[in-house]
Amino acid sequence: MASFVIEGGHRLCGEIHPQGAKNEVLQIICATLLTEEEVTVNNIPDILDVNNLIQLLREMGVTVAKKGIDTYSFKAENVDLAYLESDEFLKKCSSLRGSVMLIGPMVARFGKALISKPGGDKIGRRRLDTHFVGIQNLGADFRYDEERGIYEITAKQLRGNYMLLDEASVTGTANIVMAAVLAKGTTTIYNAACEPYVQQLCRLLNRMGAKISGIASNLLTIEGVDKLHGTQHTVLPDMIEVGSFIGMAAMTKSEITIKNVSYENLGIIPESFRRLGIKLEQRGDDIYVPAQETYEIESFIDGSIMTIADATWPGLTPDLLSVMLVVATQAKGSVLIHQKMFESRLFFVDKLIDMGAQIILCDPHRAVVIGHNHGFKLRGARLTSPDIRAGIALLIAAMSAEGTSTISNIEQIDRGYQNIEGRLNAIGARITRI
Ligand SMILES: CC(=O)N[C@H]1[C@@H](OP(=O)(O)OP(=O)(O)OC[C@H]2O[C@@H](n3ccc(=O)[nH]c3=O)[C@H](O)[C@@H]2O)O[C@H](CO)[C@@H](O)[C@@H]1O
Ligand SMILES: C=C(OP(=O)(O)O)C(=O)O
């Protein structure tokens, strides 16, 4: 298990480039299974989750070629269907959350998919009902094999249908869309998730020959086609990384420019940081964050304490709440952080309290943060990263703290952040991997 040793108290200065979006690329890579032709994908981040998924596709028989520093081509011409039933494949799937999105393409193209319970962050219950019910609505049969602990999904020919999802699940929507593009007839998905990840997937599929309308809304209409073909795709910058850098700059009183952020795809994220009092400017497609000695959390118009809560898109992504919580610990004022979607994502606040932060954990979903206004620095500590976003939030806390901190289990951070210490050290951080 690797660790980071972080010398706190150093300001950052300079430019940083966000990587390609993890949650988008996981969908895009799965979608390449829908055609036997070559699909080339640019701006693929070099992170653990993505590399594991690429490796899984190779083992499935997909021809994967590295064409450039962050460009890969995928050609799913000779998929090894027997391997897809092997225990080895199923075991690998279970350590990777993104692998759940193999179901849609596999059922659509090969009529069969096997899947064990997928991995990912341990951040509370993460049900898959929306995926399963959606694909069942298209006519697939589901069977749970108790002995092997796997789901077996089969369908001779998927048929388009109307469905109203019980929740706007991001990967669930992606899975159903990928199944529906090759179904007979028209599928309508209401209460579909419409995060930029899903929008980008739909645009890719349309370039492959699919007929999807309603992109960016919660009502998608998909006219099934017989076949899809090869194309090119460029992954958007990772909006969660952009948000993480904004928070990091504020916490460490740093002046940084985040380059090529695809501002129009950041939704409510910049405004949410502004509500914490953080100044940031859009400069072309960059975000400039000036060095700020202090930032003051807004109150609601009636004067009451502000709440920052997650919501499905175009609301605030839950993946940034841990960062916002940490940033609030040095703000002027108080805020209630309400993590509605996940029930075990706020427990890492215990570690921040040990570092000197003023936080009251009200229940597993809500924490009140009383900011120090930089009047009291967090203390360096021995920390461990419970999940990817708490991991980056703890890294931010350690970078702003007095003294040295150690964060263990940084594989969690590596799942989603490419060479994070190299990129941050280049602009003034002091982080060592041991
Ligand atoms: C690989 C990937 O893309 N992972 C992202 C994806 O996970 P994933 O697609 O697994 O997450 P879902 O959108 O299915 O749901 C996340 C959680 O929120 C709950 N929920 C969801 C929708 C809703 O309307 N109400 C509700 O309560 C679900 O029950 C679940 O506990 O979306 C999540 C929500 O943005 C992000 O945190 C994850 O980073
Ligand atoms: C929760 C996340 O990832 P995953 O869905 O892959 O566990 C995340 O990216 O914040």
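Where does ligand 1 sit? In this predicted model, ligand 1 sits in the largest pocket. Helix H1 (22-31) and helix H6 (170-180) are the elements that give two or more residues to the shell around the ligand. A UniProt record marks two positions as a binding site, and both belong to the lining of that pocket.

**Surroundings of the ligand**
- The shell around ligand 1 comprises 16 residues.
- Glu 167, Ser 169, Val 170, Thr 171 and Asp 319 are the closest of these residues.
- Sorted by class, the shell holds six charged, six nonpolar and four polar residues.

**Polar contacts and coverage**
- In the side chain of Ser 169, an N or O atom is 2.6 Å from an oxygen atom of ligand 1.
- For the side chain of Glu 167, the corresponding distance from an N or O atom to an oxygen atom of ligand 1 is 2.9 Å.
- The side chain of Asn 23 likewise has an N or O atom 3.0 Å from an oxygen atom of ligand 1.
- On its own, ligand 1 has 730 Å² of accessible area, and the protein covers 86% of this area.

**Annotated positions**
- The feature "binding site" is placed by UniProt, in an unreviewed entry, at Lys 22 and Asn 23.
- Lys 22 and Asn 23 are both part of the lining of the largest pocket, where ligand 1 sits.
- Lys 22 is located in helix H1, one of the two elements named above for the shell around ligand 1.
- Asn 23 thus joins the record to the model: UniProt lists Asn 23 under "binding site", and the Asn 23 side chain has an N or O atom 3.0 Å from a ligand oxygen atom.

Technical notes:
Residues numbered from 1 in each chain as written. Chains lettered and ligands numbered in written order. Predicted model: local features only at pLDDT ≥ 70, side-chain atom pairs only at ≥ 80, totals over all residues. Heavy atoms only, no water. Near = heavy atom within 4 Å. Polar contact = N/O pair within 3.5 Å; in protein donor to acceptor, adjacent residues only side chain to side chain. Areas by Shrake-Rupley, 256 points an atom, 1.4 Å probe, with all protein chains shown as cover. 1 Å grid on protein atoms, 1.4 Å probe; cavity = no way out; pocket = protein on both sides within 12 Å on 5 of 7 lines; lining within 4 Å. Sits in = over half its atoms within 2 Å of the grid points. Helix = DSSP H or I, 4+ residues; strand = E, 2+ residues; numbered from the N terminus. Nonpolar A, V, L, I, M, F, W, Y, C, P; charged D, E, K, R; others polar. UniProt positions renumbered as here; feature names shortened; annotations may be inferred.
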